[in-house]
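Visitor: I have a model open and would like to learn how to read it. Could you walk me through a few features?

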Amino acid sequence: MSEISRRTAIKVIAAAAAAPSVFGGCEPPEADPARPSSPSANPLAAGTASDPDLLEPIVPWERSLDEHELETLAALCDLIIPADDRSPAASTLGAHEFVDEWVSAPYEGMQKDKVLVRGGIVWLDAESARRFGAGKRFVDLTVAQRTEICDDICYQPDAKPEHKSAARFFDKIRDLTATAFYTTREGMKDLGYVGNTPLASWGPPPDEALRHVGLI
Amino acid sequence: MSKAQENYDVIIVGSGAAGGMCALILAVNGVKVLMLEAGRNYDPVSETPMFQLPSEAPLRGGGTPEKPFGFYDATVDGGWRVPGEPYASAEDTNFLWWRARMLGGRTNHWGRISLRMGPYDFKPRSRDGLGFDWPMSYEDLAPYYDKTEALIGVYGSNEGLENTPNSSPGVLMPAPSPRVHELLAQKACRERLDIPVIPAHLAIMTERQDADRWPSELFPNNPLAQRVVGDSMRSRAACFWATPCGRGCSIKANFQSPTVLLPPALATGNLDIRTGAMVREVTVDTQGRATGVHYIDKRTRIDEHTSAKLVILAASACESARVLLNSTSSRFPDGLANGSGLVGKYLMDTVGAGVGGQFPALENMPPHNQDGASGMHLYMPWWLYKEQDAGRLDFARGYHVEFGGGRGMPGPGAFGGLEEYTNGAYGQRFKEEARRYYGSWLWFDGRGEMVPNEDSYCEIDPEGFDQWGIPTLKFHWKWSKHELNQARHMQHTFKDIIEAMGGKVTSTVHEDGADAIAAPGQIIHEVGGAIMGSDPKRSVLNQYCQSWEVPNLFVTDGACFVSNADKNPTLSILAIAWRASDYIVDQMTKGVFT
């Protein structure tokens, strides 16, 4: 399975009823035979979201967007972060699925975002029909047509009064798309993030970086 | 598993900085110790998500009410709320109480910033007439700072600045080279603001410990201690300059109680640990001496009692105060060790305020690795001693500056707000703008000293009850003008630094300190609640963390703090706990606690 599909697989959290995991003896923690094989095996805190398995993360809530909403989001995410010679388009890295994960989360802020996102998708389709003919939905439009709509909603301060809410929706999707994209290996590579790798030693910044800020 | 060992010399409540240190020092000296930890067992070696990407975690690793510092943060069943373990705040108080229900407590996720309190910090009342003096001096604790730093591994440098003590030669590990934005800040502060920017001190090993030298220096004439501490030091690797310390460290390069203190303590054979043991109260005999503790076994939900000759509370400042206040009896109706009425009183947190900036000089930076030691390599110690002495500041005490940003691993929220910088870019232009702006934001945070006051305290909530049937805490809080004015001063300092570096301020600079200051408890440096002193009527403990009223009862965590200097408390908690433990061993050797 790919990283994305494994990560987002919905799993039911079973209340574990494993044996007590307490250790209390003469051995260091790592050598104790009663130590749990994974944190979620611990009956004190089995599988709760306040003690999740950090090594095999799961998303414990159900997704809620339908197929058409996901298709529309994929088109919008790719308009925001298209493919180029450095990195793929956002939907290739699951950005639209991340929006679904986000708006389906059981927290107050995300539940508000869900209203904004679902409403925004309906607005996009309605606007597509208004501009380009009855029955047209956002996904039916050419990239040029999609761009024509998004140019009107991509910057909140300049958006016309009738576009203000749609502009708020667009900015939310832009933020979520960027979060989804740049937190992947491919997105990090696009930015030139070269860390998260063990080094034998640590030295001063390279000369070209020091020169860049005028320190040499 | 736990041996059927009935006759413990000492019960330690809590397994974090204070509990871990006491356990190690007592165990290597042959004292039989039972440690009770309210949370679950936790093993950083096998449980730490070292290289996992945010994209592998729910919500890209972002914070939730269950995991406020993000999915990968090394906090189990904790944060601002613990399931089934509530607390209350008085009206107009929004105290935030961070707890972690796990072996090692908050030492697993902490910031590793390890600054010594200086000579002034022990005698604040003598200097400005506010608060209280400690019943010990810097010279009393200095040897324990040296020993603690050598034991846990701390990087830093000796700069000889006012009230910013040097360590003894050879104690500190080399400080890592600064990152480019840290150098930029250093230059601007030196040339334009006269603010010192020096290597930070963090409990992260930049090289392996000298396991042939330190065990014999730290524990002379103690072969058992030398063996277990030597083995522990040999098992730790130096930092490999990747992965955030807040997740914990599977190679044991940073300090966590479960990797540094508890393994050697357990290796002596003198320590047993019982997890899932939530202590309710300390019991006393007819002479008023501590006999043991009642705890709830979280697996069975049954109240258990265990006995020892001596009890050490190291459950964290507020939790230890809670245990004392809940230890009522006909002899001690107001709680144990509370003849002074000061248990729960004089709670202090750190004054926190921050300002962000965006820096054109950092845009389009040539790609290079800026992960480093994960925490900061440089910081600004408090520097305005002369201005304060001259009466030119409208607050007492000082703050230091922590700062960070740059080209770290992108996390949730990466490029949120790019709309305003780019007039709403999307498409190919968005990708190009993201490359340009990545790493060009920095954040500056003040960490300052709060003066203790009568209105900041915790008490037992008459209506509160947690899921273990234990009465809960209610918090009261008031900031004085010193804290509020200090928070305002911080904000103006950060604005000056940002502008001196050629940057633009990206957050609000508040004129009213009340709008700038972090909520009480939010900096997670809460101390006090069982202050030490030299007068039994005006303090709970003596300078060795020993209760004035119950001589075989000690409180070695942050509760004993008399003041809360701008030096983050963990290093001092460790050093004070070691000093108290030496005193306990000495007294036991003399046959005092039989």
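Guide: Happy to; we will take confidence, a fold, an interface, a helix pair and a single residue in turn.

Visitor: Where should I start with confidence?

Guide: Remember that this is a predicted model. Where pLDDT is low, the predicted coordinates should not be read in detail. Here, chain B has a mean pLDDT of 97, with 99% of its residues at 70 or more. For the complex, the predictor reports an ipTM of 0.95 and a pTM of 0.93.

Visitor: How many helices and strands does chain A have?

Guide: Chain A has eight helices and zero strands, so its order from the N terminus is simply α-α-α-α-α-α-α-α. Of its 216 residues, 38% count as buried. Among contacts in chain A with a separation of 6 or more, 53% join residues 24 or more positions apart.

Visitor: How many residues does each chain bring to the contact?

Guide: Chain A brings 74 residues and chain B brings 81. On the chain A side, several helices supply at least two residues each, including α2 (67-80), α3 (95-103) and α6 (164-182). The largest share, seven residues, comes from α6(A). By class, that side of chain A splits into 43 nonpolar, 17 polar and 14 charged residues.

Visitor: And how do I describe helices that pack together?

Guide: Two packed helices are described by the angle between their axes and the distance between the axes. Take α1 (residues 17-28) and α9 (residues 257-267) of chain B: their axes lie 8 Å apart at an angle of about 25 degrees.

Visitor: Why are α1(B) and α9(B) called roughly parallel?

Guide: Angles under 35 degrees count as roughly parallel, and therefore α1(B) and α9(B) qualify. The crossing of α1(B) past α9(B) is left-handed. Residues of α1(B) such as B:M21 and B:L24 are among those that meet a group in α9(B) including B:L261 and B:L262. This contact has nine nonpolar, two polar and no charged residues.

Visitor: Let's zoom in on one residue. Is B:V343 buried or exposed?

Guide: B:V343 counts as buried, because 28 C-beta neighbours lie inside 10 Å and the cut-off is 20 or more. B:V343 sits in the loop between α10 (317-326) and β9 (351-358) of chain B.

Visitor: Which residues is B:V343 in contact with, leaving aside its neighbours within four places in sequence?

Guide: Among them are B:A321, B:L324 and B:L325, along with B:G529, B:A530 and B:V540. As for B:H489, 146 residues away along the chain, its C-alpha atom is 32 Å from that of B:V343.

Definitions and conventions: Residues are numbered from 1 along each chain as its sequence is written. Chains are lettered from A and ligands numbered from 1 in the order in which they are written. This is a predicted model: local features need pLDDT of at least 70, side-chain atom pairs count only at pLDDT 80 or more; totals for chains, interfaces and linings use all residues. Axes are lines fitted to C-alpha atoms, for helices over the stretch in contact, and angles run from 0 to 180 degrees between N-to-C directions. Helices (H or I, at least four residues) and strands (E, at least two) are DSSP runs, numbered from the N terminus. Angles under 35 degrees count as roughly parallel, over 145 as roughly antiparallel, 65 to 115 as roughly perpendicular and the rest as oblique. A crossing is left-handed if the near helix is turned anticlockwise from the far one by less than a right angle, and right-handed if clockwise. Two residues are in contact if their C-beta atoms, placed from the backbone, lie within 7 Å. Ala, Val, Leu, Ile, Met, Phe, Trp, Tyr, Cys and Pro count as nonpolar, Asp, Glu, Lys and Arg as charged, and the others, Gly among them, as polar. A residue is buried if 20 or more other C-beta atoms lie within 10 Å of its own, exposed if 12 or fewer, and partly exposed in between; C-beta atoms are placed from the backbone. pLDDT is the predictor's confidence in each residue, from 0 to 100.
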